[in-house]
Amino acid sequence: MKKLKLLAAAGGAVALVAIWPLAVGQIGQTIVTDGVKNIHNQDVTVSLEEYHRGYLTSEAKTLVTVTDPQALAQLNTLGLPTEYEFVHVIHHGIVSLNSDSYYAQNPELKLNTKTQLNGNTEFSTDIAKQQFKFEGSEPFTAVLNSLSISGSITVLGQLDYTMNMPSLEIDYQNGAVVHFDGLSSNGNGKFEQDFWMGQQKLALDGFVVNDHDGNNVFELSGLTYQFETTQDEAAQTLQADYALALKEFKNHDGEAANLDLKFTAGGLDKTAFLALTQMYQNSPVWTEQDTAKAIPNINALLEKGFSVSLNHFSVDVDEGHFKSDWHMSLPSAKDNAIDNPMHLVDVMQGDMNAFVSSDLVMAYPFIQQNLDELLIMEVAKQTDDGYSMSLQMQDGKIKFANGKEMPLISLLMPMMMPKAH
């Protein structure tokens with residue numbers, strides 16, 4: 001009897017192993033089919049053209065069609081197709097599906113994925129040197145040194161990725177050249193209503209633009225940009241932190257170096273802010289109807305209150321230097337706060353500091369004209385190495401370091417008045 005049980009157990013195990021690839025294949029087809037159905041993108045549509053399920057391997061074809069009018073116009077200008085077919089060779093593993101996906105017109109453009117049976121996916125691609133020719137109204141050739149991308153995405157949309165592109169050169173038929181060096185990016189987060197929740201970083205070692213005569217038109221080096229969006233679950237508010245740094249920048253107007261900028265917006269009502277962001281992205285031309293729809297969400301932002309800060313900004317221009325910081329906060333307001341702008345002006349609080357070096361003022365005389373007026377008003381003061389100004393905003397007034405005050409509304413009114421045509 002024991003032998004019969006052992007044989008039965010062994011037979012069952014063999015049978016399970018034998019049919020398991022079929023089960024994994026069925027799970028894989030369900031993942032792919034449901035995944036395509038659940039893609040909601042206003043710029044493109046994705047359709048499953050074919051799915052041939054095999055015992056150990058399956059093959060599928062998907063078609064990506066561009067629908068965004070602006071993107072369609074750009075593709076037509078470049079002479080590029082508006083539909084792209086991809087082939088997916090799917091291998092059935094024990095607890096996962098491994099897939100090699102490639103562009104049907106260029107199999108070297110390949111993406112490798114490993115999908116667990118719960119839908120979580122790891123992905124990677126390593127593209128060797130490629131050359132692409134574009135035959136649009138302004139023909140050009142793009143030479144890609146190499147490209148590597150890797151990361152993972154969960155069924156809940158949580159994305160973790162890294163990207164590296166050593167160089168890319170775009171050579172126009174008329175002789176103009178655009179060159180990228182050392183482009184890299186990484187991030188971790190997810191999209192909520194088209195807004196990125198998490199952190200991302202982008203770095204670019206160098207970027208050069210030369211015109212058709214070989215003259216340098218634009219050049220920058222040492223660019224880094226990063227931002228992080230976090231949320232307070234209890235208060236249902238968002239905070240966004242941005243940082244931009246640039247080592248050097250040149251064009252025909254002059255040179256700048258050591259740019260450093262840090263900006264924060266916090267306390268934003270999450271529901272209202274995401275709704276406004278989505279409205280803005282979905283409205284290429286803002287109309288009066290859009291404004292009417294936006295007012296309830298603007299009121300929600302004002303009622304909860306928020307803060308906006310340029311925590312630091314500094315830059316070297318030619319031989320001079322400029323730096324500044326400012327902070328503004330709006331406490332929680334009453335219902336329909338947008339209907340009472342004067343109350344918002346009264347409760348608004350903040351401060352500002354600025355410094356401009358003497359060398360920069362000497363290089364740009366128009367700055368001196370403005371500073372002379374501020375010096376006469378005793379709002380700005382001159383130091384050994386430049387000019388500085390500080391002010392505070394409180395109780396509907398602007399208060400300068402010398403003790404003078406002026407109504408905040410007197411500065412805001414010119415911006416609120418309709419312009420004459």
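A residue is called buried when its relative accessible area is under 20%, exposed when that value is over 50%, and partly exposed in between. Thr 57 has a relative accessible area of 36%, and it therefore counts as partly exposed. Keep these cut-offs at hand during the tour, and remember that the structure on the screen is a predicted model.

**The whole chain**

Begin with the complete chain in a ribbon view, where the secondary structure comes to eight helices and 22 strands. Of the 421 residues, 31% count as buried. If you switch on a surface, you will be looking at about 25200 Å² exposed by the chain, and carbon and sulfur atoms supply 57% of that area. Among the contacts with a separation of 6 or more, 47% are made by residues 24 or more positions apart, and several of the stops below show pairs that are distant in sequence.

**Strand β2: Thr 57 and Thr 62**

Select Thr 57, which has its place in strand β2. If you leave aside residues up to four places away in sequence, Thr 57 touches Val 89, Ile 90, His 91 and His 92. Draw a distance from the C-alpha atom of Thr 57 to that of His 91, and the viewer should give 4.5 Å, although these residues are 34 residues apart along the chain.

Now move to Thr 62, which is also placed in strand β2, a strand that covers residues 57–66. Is Thr 62 buried or exposed? Its relative accessible area is 8%, so Thr 62 is buried. Show the side chains here, and you can find a polar contact of 2.7 Å between those of Thr 62 and His 88.

**Helix α2 and its two ends**

Next, select residues 69–78, which form helix α2, together with Asp 68, the residue that caps the N-terminal end of this helix. The cap can be seen in a single distance, since a side-chain oxygen of Asp 68 lies 3.3 Å from the backbone nitrogen of Gln 70. After α2 comes Gly 79, whose phi is positive, near 70°.

**The second largest pocket**

Select Leu 80, Tyr 103, Leu 109, Phe 132 and Phe 134, which, of the 14 residues lining the second largest pocket, are the closest to its centre. The space in this pocket is about 380 Å³. Which strand gives the most to the lining? Strand β7 does, with three residues, and the strands that each supply at least two residues are β5 (106–116), β7 (130–134), β8 (140–144) and β10 (159–172). If you colour the lining by residue type, you should find 11 nonpolar residues, two polar ones and one charged one.

**Gln 236 and Thr 237**

Go on to Gln 236, which sits in the loop between β13 (216–232) and β14 (237–251). Most residues other than glycine have a negative phi. Gln 236, by contrast, has a positive phi, near 55°. With a relative accessibility of 32%, Gln 236 counts as partly exposed.

Thr 237 is found in strand β14. The relative accessible area of Thr 237 is 11%, so this residue is buried. Outside the residues up to four places away in sequence, the contacts of Thr 237 include Thr 230, Gly 267, Leu 268 and Lys 304.

**Phe 263 in strand β15**

Select Phe 263, which lies in strand β15, residues 254–269. Phe 263 has a relative accessibility of 24% and therefore counts as partly exposed. Among the residues that Phe 263 touches, leaving out those up to four places away in sequence, are Tyr 242, Ser 309, Leu 310 and Trp 326. From C-alpha to C-alpha, Phe 263 and Ser 309 are 5.7 Å apart in space, while in sequence they are 46 residues apart.

**Last stops: Leu 391 and Asp 395**

Leu 391 has its place in strand β20, and its relative accessible area of 16% means that Leu 391 is buried. Not counting residues up to four places away, Leu 391 touches Asp 351, Met 352, Ile 398, Lys 399 and Phe 400. The C-alpha atoms of Leu 391 and Met 352 are separated by 5.4 Å, with their positions 39 residues apart along the chain.

Finish at Asp 395, in the loop between β20 (386–394) and β21 (397–400). Its relative accessible area is 52%, so Asp 395 is exposed. Asp 395 is a residue other than glycine with a positive phi, near 55°.

Key: Residues are numbered from 1 along each chain as its sequence is written. This is a predicted model: local features need pLDDT of at least 70, side-chain atom pairs count only at pLDDT 80 or more; totals for chains, interfaces and linings use all residues. Side-chain values use heavy atoms; hydrogens and water are left out. On a 1 Å grid over the protein atoms alone, a cavity is a set of points where a 1.4 Å probe fits but cannot get out, and a pocket is an open set with protein on both sides within 12 Å along at least five of seven lines; lining residues have an atom within 4 Å of a point. Grid points are joined across faces, edges and corners, and a volume is the space filled by probe spheres set on the points. Helices (H or I, at least four residues) and strands (E, at least two) are DSSP runs, numbered from the N terminus. Ala, Val, Leu, Ile, Met, Phe, Trp, Tyr, Cys and Pro count as nonpolar, Asp, Glu, Lys and Arg as charged, and the others, Gly among them, as polar. Buried means under 20% relative accessible area, exposed over 50%, partly exposed in between (1.4 Å probe, protein chains only). A polar contact is a pair of N or O atoms within 3.5 Å; within protein, one must be able to donate a hydrogen and the other to accept it, and residues adjacent in sequence count only if both atoms are side-chain atoms. Contact means heavy atoms within 4.5 Å. Accessible areas come from the Shrake-Rupley method with a 1.4 Å probe; for residues, only the protein chains shown count as cover.
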